[in-house]
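I opened this notebook to record what I looked up in one structure. The entries follow the order in which I worked.

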Amino acid sequence: MKKNIDLLHEPILPALTRLALPIMATSLVQMAYNMTDMAWIGQVGAGAVSAVGSAAMFTWFSQGVSSLARMGGQVKVAHSLGRGDREEAGKYAQGALQLGILFAVIFGILSVAFRKQLIGFFNMQDRQIVRDAEIYLTITCGLILFSFLNAIFTGILTASGDSRTPFVANVIGLVINMVLDPFLIFGFGPIPAMGAAGAAIATVGAQAVVTAVFLWFARRDTLVFSQVHILERTSRRYIRQIIKIGFPAGVQTMIYSGISMVLTRMVTDFGDTAIAVQKVGSQIESVAWMTADGFAAAINSFIGQNFGAGKTERVKGGYKKAAWIMAAWGLGSSALLIFGAEPVFRIFIHEPEVVADGIIYLQVLGLSQMFMCEEILTEGALAGLGKTMQASVISVIFTAARIPMALILSSTALGLSGIWWAITLTSVVKGIVFVSYFMAVMRKGLPFFRGYVIVMLRIR
C-alpha cells in the first residue's frame, strides 16, 4: 500500500478514512504516553501526580509555540502540493523546521531560567510537590526540541497524505516510554528511584527516539523532504507565510493553555490534591479530544489540498462526512465518561477522596464531549482554508469566558465542581458556534475562495 494518499481524486470517504485512521491512532498513542506516565506516577501518590500535572501545563503551553511553525508549515505544504508545486512545498517544510528549532531553543532556555517563578504561579504549599514539579519542568521543557520537531514532522507528512509514518514513529516511542517508565520512576538494580524526574526522563528519551525515526524516514522521502536543506537560508517570503498562518493558531493555543493555568490556580484553592483530580481527569478525557484532534489534522490536510486545487465540492463533502463521524465518536466518549467514571478513574488513583471528586469531574465533562469533538474538527477544517484567525477569535472569546464563569459557579454550593461546569458549558457553546460558522462559510464563502485560488494560480 502506498504511503501517500491521493486526497484530490480518490473517493472522499475512503481517502479521508485512510488518512484519518493512522492519525487518530497516532493521537491515541500520544495519549498513551501521558496515560502511561500517569498510571505509574499515580502509584507513587496524589502528590506526585500534582507535581507532574502542574509542570505539564507548561509543556502544553509549548505546543502553542510549536504551532507557530507547525500549523503554517502544514497548511502551506498542503496548498503547494494541491497546486502540484513540490519545490515550494519543500521550501515551506524547510522554513517550518528551522522556525521550530529556533523556537524550541528559546522556550527551553526561558523555561529552565524561570522554573521557580513558573511553578510558583500555582501557589502549592507542599515543598516536595513544588520541588518535583520544578525538576519535571526543567527536564521536559529544557529538552522540548524533540517534541517540537516531532509535531512539525507529523504536520508536514500529514499534509502530503502520509499518516502512516507518524503512526509508526510514535508507536516505537510509546514502547520505549512504557519500558523506561517503571525502571526510572521506581528504580531497578543500580538505577535509583527517581519519581517524577524518572517520568520526565522516560518521556523525553522516547521523544528523542521518535525524532530519530522521523529523520530516518525523511532521508528516504522523495515528495517533500528531498527538497529540504535545513542549513540553507529560507526566503523571507516563505517564513512570512508560515507565521501568517501559524500565528493565530499558536497564540490561540498559548492563550488557551494560559486560561487553563488560571483555572488550575483556582483549583489549588481546594487543596493541592485537587490538581491530581484535574490532571488525571483530563488525561482520561483526552481519549475524546486527542482522537478528535487527530481527525482534525486529517480534515485539515484534505481541505488544504482540495482548497489549493480549487475543488470546493470536495471541501464541503469531506467536512460533512467528518462531522458525522466525530458526532458518533463524541457520543461514545460521553457514554464512557458518564457511565464508566468510577472504574476508569480508579485505574490511576486509589485514594477515596480523590476518586470521589474524579468521578464528578468525568461525569460533568462527559456531557460536552460531542460538542468538543465538533469544535476541534471544525478548527482543523477552517485552518485548512487558511482561516486560522477566525477560528482563534471564536475559541479565545468563549474559552476566556470560563474564568469568570468558574469564579461564580465555584463560589456556590457546587464548589470545585463549579469549575468543571464552566468548562463543560463553554465547550457546548463553542461546538455550536464553530459548526454554525463553518456551515455559513460553506453556503456563502467558498465561491469567493475558489475565485481567489483561480486568480492566484493565474498570477503564478
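The entries below cover salt bridges, surface patches and two helices.

**Entry 1. The model.** I note first that this is a predicted model.

**Entry 2. Salt bridges.** I asked how many salt bridges the structure holds. I found seven, and I took up three of them.

I began with Glu 134 and Lys 116, whose side chains meet in a salt bridge at 3.4 Å, N to O. This pair links distant parts of the chain, with Glu 134 in helix α5 (residues 127–142) and Lys 116 in helix α4 (residues 115–120), 18 residues apart. I then checked whether each partner is buried or exposed. Glu 134 counts as buried because its relative accessibility is 13%, under the 20% cut-off. Lys 116, at 51%, counts as exposed, the cut-off there being over 50%.

I turned next to Arg 265, which forms a salt bridge with Asp 269, the closest N and O atoms being 3.0 Å apart. Arg 265 is partly exposed at 24% relative accessibility, whereas Asp 269 is exposed at 58%.

The third pair was Lys 316 and Glu 313, with the closest N and O atoms 3.7 Å apart. Both residues lie in helix α11 (residues 312–339); they are three residues apart and therefore separated by about one helical turn. An α-helix has 3.6 residues a turn, so residues three or four places apart point the same way. I recorded Glu 313 as exposed, at 55% relative accessibility.

**Entry 3. Surface patches.** I looked up which residues make the nonpolar surface patch of about 490 Å². They are Ile 101, Val 105, Ile 109, Ile 230 and Leu 231. Of these I followed Ile 109, which is found in helix α3 (residues 86–113) and is exposed, with a relative accessible area of 54%.

I also noted a patch of positive charge on the surface, where Arg 233, Arg 236, Arg 237 and Arg 240 gather. Arg 240 belongs to helix α9 (residues 236–267) and is exposed, its relative accessible area being 54%.

**Entry 4. Helix α9 again.** Ile 255 has its place in helix α9 and is partly exposed, at 34% relative accessible area. I compared its position with that of Ala 56: the two are 199 residues apart in sequence and 16 Å apart in space, C-alpha to C-alpha.

**Entry 5. Helix α13.** I checked the span of helix α13 (residues 352–366), which has 15 residues. From first C-alpha to last, α13 reaches 21 Å, close to the 21 Å expected at 1.5 Å a residue. I listed its buried residues, among them Val 354, Val 355, Gly 358, Ile 359, Tyr 361 and Leu 362.

Terms used. Residues numbered from 1 in each chain as written. Predicted model: local features only at pLDDT ≥ 70, side-chain atom pairs only at ≥ 80, totals over all residues. Heavy atoms only, no water. Patch = residues over 30% accessible without salt bridge, like charges linked within 9 Å, V, L, I, M, F, W, Y side chains within 5 Å. Areas by Shrake-Rupley, 256 points an atom, 1.4 Å probe, with all protein chains shown as cover. Salt bridge = Lys/Arg side-chain N within 4 Å of Asp/Glu carboxyl O. Helix = DSSP H or I, 4+ residues; strand = E, 2+ residues; numbered from the N terminus. Buried < 20%, exposed > 50% of the residue type's maximum accessible area, 1.4 Å probe, protein only. Expected span 1.5 Å × (residues − 1). Lys, Arg positive; Asp, Glu negative; His and termini not counted. Charge placed at Lys NZ, Arg CZ, Asp CG, Glu CD.
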